[in-house]
Amino acid sequence: MGTASSMLTQYDIEEVQEHCNHLFSQQEIVCLYQRFCQLDRNAKGFISSDEFLSIPEFVMNPLSQRLLKMVDALNFKDFVAFLSAFSSKASTHQKIELIFKVYDSDHNGKVSFKDMLEVLKDLSGSYMSDEQREEVLSQVLKEAGYSKDCYLTLDDFIKVLGHSGVKMDVEVPVD
Amino acid sequence: MNSTGTLKSSSSELDLDRPNIEDYLPSGAAIQQEPRGKLRLHDLLDISPTLSEAAGAIVDDSFTRCFKSNPPEPWNWNIYLFPLWCFGVVVRYLILFPTRVLGLTLGWIIFLSAFIPVHLLLKGHDKLRRNIERSLVEMMCGFFVASWTGVVKYHGPKPSRRPKQVFVANHTSMIDFIILEQMTAFAVIMQKHPGWVGLLQSTILESVGCIWFNRTEAKDREIVARKLREHVQGADNNPLLIFPEGTCVNNHYTVMFKKGAFELGCTVCPVAIKYNKIFVDAFWNSRKQSFTKHLLQLMTSWAVVCDVWYLEPQNLKPGETPIEFAERVRDIISHRAGLKKVPWDGYLKYSRPSPKHRERKQQNFAESVLRRLEEK
């Protein structure tokens, strides 16, 4: 395969960097490209679901199916843009925005009680019953001042998660 | 040889082979601080730790690293090195390669013209026939090693033929077997391959004693375990060589050892193999190239350099389980060959991890939430 940077020109790197708002350094983009090429087995230009699911550590994650929907068949530019929310340089706002997107699976800009239940189901599996999940969620929503029929918007998420900061950083190993 | 990951989850038998992965994962990765205090909306909405783990796995994971071929950096891009490199290519492809092919063909002719008569004519004199066949196979492997200009340094005492012992080694390519076989005729347990390799397996390797298995056959395991046990008991059989990783790894890491070789009730003699990548990377990336292509790559490079260490035989310690024994031997081999250990089962190359691991995370989460709900 050769060193990946020989296949990625300086123009390409700058374009990708522009697209992710300079949240990754040029060296990190080169490393991400090597990783992208490693996962994209037949050089199709995108990574298929099957190829993501060949990473055992990813498969073991309870939210893997949700993330898979967001990251499936992205080209390299969009792949980097997706991962940019995990950069240490990304703002808390950007990170909360990604969390919101994970909840808002139907992309209608609001998160319903049902949406939150679904994510809770992914996280707790068969170790909590549906009734327990509903009860827990209703209780914490009530205490936070929201009712069961409320729809949460991005601003609500920022209000709830913003004040204590969100620690969601992933380091790109640069060798 | 194309191995697409099958969608069925790995059988429960594969799980029994594996010690607890959580014992191995670096503390930074999976273990987060146990959250305390009353449960709030913030705690339920904040999925950042789980998302970080998933993104971390996308960006880099220790399993895929084991199977990454690291091609050597090109060094030929300047005015005097480039012509030298071109000259090297000419020598390798037009002089060395034909010479090696010729040498190998000669070796085959000598081998077959001695092996076939001996095999057919000395049918009655089993012991003599086996001795001659054994020497012939060793010689043939010597020819193979010569065909890639193998520079192999053997360290440690040459393996002795004794009953109730088994040899285990780390696995990088099928040539591991040839390199070891040239010194001592081992019996081997192998995945049945298609094509010309399969033909070789069923004819010549049969004479040194071979046990076949099929990775996809779950029931096969019991039959294979029985055959292994029978082989090890026989005093006349060649010493058995097993690659407990079950798959080829890139010679920088070792994956978890399957316990099959370690519960036969006999001495385990570890063998460590480390290739020097100075001229060629001997890792056979079965996802990327067929074995034929891999051999051709070896035959058109300058040399294959490696070290082989025959290490001190180990026995099951009192109170040690076979899995612990396997990990202890893996430790010895990894240490000697300078390889890093990763906590993954090599068969994950072919199938998905068991849902048990995800379920454990879900269980931890659920218990934490329910507990904190009770707190005031």
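This is a short chat about a sheet in chain B of a predicted model.

Me: What's the strand order in the chain B sheet, and is the pairing parallel, antiparallel or mixed?
Reply: The order goes β2-β9-β8-β3-β6-β4-β5, seven strands in an open sheet with mixed pairing.

Me: Which strands stand at the edges?
Reply: β2 (150-155) and β5 (210-213) of chain B do; each has a single partner strand, so one side of each is left without a neighbour in the sheet. From one strand to the next, the twist averages 25 degrees.

Me: Ok, β4(B) next. Are its residues buried or exposed?
Reply: Five of its five residues are buried, so to speak of β4(B) as mostly covered is fair under the cut-off of under 20% relative accessible area. B:A187, B:I189 and B:Q191 point one way, B:V188 and B:M190 the other way.

Me: How many bridges join β4(B) to β5(B)?
Reply: Four, and the two strands run parallel. One of the pairs there puts B:Q191 with B:F213 in β5(B). Between those strands the chain passes through helix α9 (residues 195-208) of chain B, in a right-handed β-α-β crossover.

Me: And what about β6(B), how many bridges join β4(B) to it?
Reply: Two, again with parallel strands. B:A187 has B:L240 as its bridge partner in β6(B). B:L240 also stands opposite B:V166, and β3 (residues 165-169) pairs with β6 (residues 240-242) of chain B in the parallel sense over three bridges.

Me: Switching to helices: which strands does α10 of chain B lie across?
Reply: Helix α10 (residues 220-233) lies across β3, β4, β5 and β6 of chain B, and runs at about 170 degrees to β5(B).

Note on methods
Residues are numbered from 1 along each chain as its sequence is written. Chains are lettered from A and ligands numbered from 1 in the order in which they are written. This is a predicted model: local features need pLDDT of at least 70, side-chain atom pairs count only at pLDDT 80 or more; totals for chains, interfaces and linings use all residues. Side-chain values use heavy atoms; hydrogens and water are left out. Two strands pair if DSSP finds at least two bridges between them. Axes are lines fitted to C-alpha atoms, for helices over the stretch in contact, and angles run from 0 to 180 degrees between N-to-C directions. Contact means heavy atoms within 4.5 Å. Buried means under 20% relative accessible area, exposed over 50%, partly exposed in between (1.4 Å probe, protein chains only). A crossover is right-handed if, with the strands pointing away from the viewer, the path from the first strand over the helix to the second runs clockwise.
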